[in-house]
Amino acid sequence: MPEIVKADVENLLKTFIDPNVGTDLVSAKSVKNITVDGADVQVSIELGYPAKSYLAECRAAVEETLRQLDGVGKVAVEVRVNIVAHAVQQALKPLPNVKNIIAVASGKGGVGKSTTSVNLALALAAEGAKVGLLDADIYGPSIPTMMGLSGYPASEDGKTMMPKISYGVQTNSIGYLIDQDQAMIWRGPMVTNALQQLLKDTNWSDVDYLIIDLPPGTGDVQLTLAQQIPVSGAVIVTTPQDIALIDAQRGLSMFNKVNVPVLGLVENMSIHICSNCGHEEAIFGEGGGAAMAAKNNVELLGSLPLDINIRKFADSGRPTVVADPDGRPAEIYRSIARKMAARLALKAKDYSTKFPNIVIQNS
């Protein structure tokens, strides 16, 4: 009987594709330790993204893969999660107490970007991450309504704000600071200053992912975010409609120009399923998101149906992921969230905190 060696185990793990990352465990640098003791094999795997609902499946699948080794004895697999900070734009440093900022953007309004942002934040939290959600749509804040929150944020020092928490997610929005019917008639500089204050004057607490819900377009807020806010990655929300795709392409191009990696696309309202008869119809067209993803060499993270319950749940302050956690839309949101975070886990890490500041002075 041939002796099992570490290289045999590693070669076999190279055949195991992590569905969230889209590559094998070895290439993703997820295999942290391999121990071979005679015929017994022990493997330690570390995922760089929240995967609470996937851990047991991953462990069982890796164990099954390793049992293919000829003459293998006991197989033990440990799977854990370690979320770290990733690199941001040059000359910028990550925000204190926030490991990663992910911007959710769209080229045009009406594609369900805010609903997607809220459900992705809740999905990341459901998968075990510590999550923050910032409403950067100063003119049309919708996060308070969707998260079932209202009232002014608390302040312990009179200078900074405590995030308002709903369903375990830390949030802040200009919507907490103004009356619901008040119109924000502000010029660009005031809007960008408000964004900076909401971001930096909020006492975020040990956040793994801060989701920023951007307003539609490529204007002042997006430019401020790209140039002054340390962003680890971006997600583009679109519909299959040609007009939406054209505008989404502009948003994607903007992030490419400012060196913010686009983690993938989310195609919203991809198909309508009749609630009476079950008939499926692609009323906004079909295949547009996949074609755009292929054209730009980015991942199509997932496609969401045009479902009346997604709208109803958001309007009621109990978004889909918490209102119907076992439903198909919530399952899709969690899958998109895992893939989004997994794509980020493949990017360069931030090492700015690993090195001490060097000060040169005359003695």
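Helix 5 passes helix 6 in a right-handed crossing; right-handed means the near helix is turned clockwise from the far one by less than a right angle, left-handed anticlockwise. Helix 5 covers residues 188–200 and helix 6 residues 220–228. Helices here are DSSP runs of H or I, at least four residues, numbered from the N terminus.

A word on the model. It is predicted, so local features need pLDDT of at least 70 and side-chain atom pairs count only at pLDDT 80 or more, while totals for chains, interfaces and linings use all residues. Residues are numbered from 1 along each chain as its sequence is written, and side-chain values use heavy atoms, with hydrogens and water left out.

Back to the pair. Helix 5 and helix 6 pack at about 50°, axes 9 Å apart. Axes are lines fitted to C-alpha atoms over the stretch in contact, and angles run from 0 to 180 degrees between N-to-C directions. That makes helix 5 oblique to helix 6. The cut-offs: under 35 degrees is roughly parallel, over 145 roughly antiparallel, 65 to 115 roughly perpendicular, the rest oblique.

Who touches whom? Helix 5 brings Gly188, Val191, Thr192, Leu195, Gln196 and Lys200; helix 6 brings Asp220, Val221, Thr224 and Gln228. Contact means heavy atoms within 4.5 Å. The residues of this contact of helix 5 with helix 6 divide into three nonpolar, five polar and two charged. Nonpolar covers Ala, Val, Leu, Ile, Met, Phe, Trp, Tyr, Cys and Pro; charged is Asp, Glu, Lys and Arg; the others, Gly among them, are polar.

Next, helix 7, residues 242–257, and helix 8, residues 288–296. Their angle is about 30°, with axes 11 Å apart. Helix 7 and helix 8 are therefore roughly parallel. The crossing is right-handed. Leu245, Ala248, Gln249 and Leu252 of helix 7 meet Gly288, Gly289, Met292, Lys295 and Asn296 of helix 8. Four of these contact residues are nonpolar, four polar and one charged.

Third pair: helix 3, residues 113–126, and helix 11, residues 328–345. Their axes come within 8 Å and cross at roughly 80°. That makes helix 3 roughly perpendicular to helix 11. From helix 3 come Thr115, Thr116, Asn119, Leu120, Ala123, Leu124 and Ala126; from helix 11, Tyr333, Arg334, Ile336, Ala337, Met340 and Ala341. The split is nine nonpolar, three polar and one charged.

Last, rings. The charged end of Lys164 sits over the ring of Tyr176, 5.7 Å from its centre. The test is NZ of Lys or CZ of Arg within 6 Å of the ring centre and within 35 degrees of the ring normal.

Methods:
Helix = DSSP H or I, 4+ residues; strand = E, 2+ residues; numbered from the N terminus.
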